[in-house]
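Colleague: Before I take any label on this model at face value, I would like to hear how each one is earned. Could you set every value against its definition as we go?

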Amino acid sequence: MNNFKVISLDMFQTLVNLDNRTLKMWEEILGDPYNVVTAQKHQSMLLAHYFDIASRIRTEQTFVLTKEIYRECFERVFAELNMTYDSSAAVSILVHEHTQAEFYKETLDFIEYITAKYEVCIVSDTDEDMLPPFYGEYRIRLFASESYKSYKNDHNNLMFQEIIKMYGVEPGQIIHIGDTPSDILGAQRAGIQACWINRKQQPWNQEQAPDYTVHTLDELTDIL
């Protein structure tokens, strides 16, 4: 039986689903004519630029607000598509849609379960105003990249180190659950156990494997 005392959670694509909200974002940006296939293609372009820019920022050991990263991403995408659209307006739409992201069907039951038994926090590589505000209704502390000027898997690993310091427990008594390599690798570098939530059953392409892999939050009850 594991002796976890703290559960750390990623937000997007772990607790809440952004897929429908990104389609809604592109529907507002594109107007007529809009279709799902085009929106998904544009979203893939946007994310490719996001990962490229975010990787550069981490390599340079600098910090940039998530909104500013996305503004540059939109500028690139609009230039490639020969679209005339204000990148700041697009970022405003993106922020709003992030705050409206829907829970996965098991999320609320899972939150009720863990907040009754463990210390719980959310760790997110986003600006605070991009996050759905529900966590304020629970006993959940927020570690957001905007507040710490750090990312989950950057050179100083500050957010995960702050979790250890905040709760005063051994790193092995913390488990972090997230959907990206940054979640897994950043947590493990701090000595925290890491669980990959692989909702879309994708292959793991990193040399270091997660400590655990699940496909829904429901599967975590056995691990905990």
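Colleague: Which elements each supply at least two residues of the lining of the largest pocket?

Modeller: They are α1 (19-30), α2 (36-60), α3 (66-80), α4 (87-99), α8 (181-189) and β7 (193-197), and α2 gives the largest share, with nine residues. The names come from DSSP runs numbered from the N terminus, a helix being H or I over at least four residues and a strand E over at least two. This is a predicted model, in which local features need pLDDT of at least 70 and side-chain atom pairs count only at pLDDT 80 or more, whereas totals for chains, interfaces and linings use all residues. Residues are numbered from 1 along each chain as its sequence is written, and side-chain values use heavy atoms, with hydrogens and water left out.

Colleague: Why is this called a pocket and not a cavity, and which residues lie nearest its centre?

Modeller: On a 1 Å grid over the protein atoms alone, a cavity is a set of points where a 1.4 Å probe fits but cannot get out, whereas a pocket is an open set with protein on both sides within 12 Å along at least five of seven lines; lining residues have an atom within 4 Å of a point. The largest pocket is lined by 41 residues, and Gln13, Leu47, Phe51, Asp179 and Thr180 lie nearest its centre.

Colleague: In what order do the strands of the open sheet run, and which are the edge strands?

Modeller: The open sheet has six strands in the order β5-β4-β1-β6-β7-β8, with parallel pairing. β5 (140-144) and β8 (212-214) are called edge strands, since each pairs on one side only. From one strand to the next, the twist averages 25°, with axes fitted to C-alpha atoms (for helices over the stretch in contact) and angles running from 0 to 180 degrees between N-to-C directions.

Colleague: How do you know that β1 and β6 pair, and over how many bridges?

Modeller: Two strands pair if DSSP finds at least two bridges between them. Strand β1 (residues 6-9) and strand β6 (residues 174-178) have four bridges, in the parallel sense, and so they meet the definition. Within that pair, Ile7 stands opposite Ile175 and Ser8 opposite His176. His176 in turn stands opposite Ala194 in β7, which pairs with β6 in the parallel sense, also over four bridges. On the other side of β1, four bridges link it to β4 in the parallel sense, with Ser8 opposite Cys121.

Colleague: What makes Ser8 in β1 a buried residue?

Modeller: Buried means under 20% relative accessible area, exposed over 50%, and partly exposed in between, with a 1.4 Å probe and protein chains only. Ser8 has 0% relative accessibility and therefore counts as buried. Leaving out residues up to four places away in sequence, Ser8 touches Cys121, Val123, Phe160, Ile163, Ile174, Ile175, His176 and Ile177, where contact means heavy atoms within 4.5 Å.

Colleague: What makes β6 and β4 mostly covered or largely enclosed strands?

Modeller: In β6, five of its five residues are buried: Ile174, His176 and Gly178 point one way, and Ile175 and Ile177 the other way. That fits a general pattern, because in a regular strand the side chains alternate between the two faces of the sheet. In β4, five of the six residues are buried, so this strand is largely enclosed by the rest of the structure.

Colleague: Where does helix α5 lie, and at about what angle to β1?

Modeller: Helix α5 (residues 107-115) lies across β1, β4 (119-124) and β5, running at about 150° to β1. α8 also packs on the sheet, where it touches β6 and β7, and its direction makes about 175° with that of β7.

Colleague: How many residues of α8 are buried, and what covers them?

Modeller: Seven of its nine residues are buried, which is the basis for calling α8 mostly covered; among them are Ile184, Leu185 and Ala187. Their cover includes α2, α7 (158-167), β6 and β7.

Colleague: Is Leu15, in the loop between β1 and β2 (16-17), buried or exposed?

Modeller: Leu15 is at 0% relative accessibility, and so it counts as buried. Not counting residues up to four places away in sequence, its contacts include Phe103, Tyr104, Ile122, Phe134 and Leu217.
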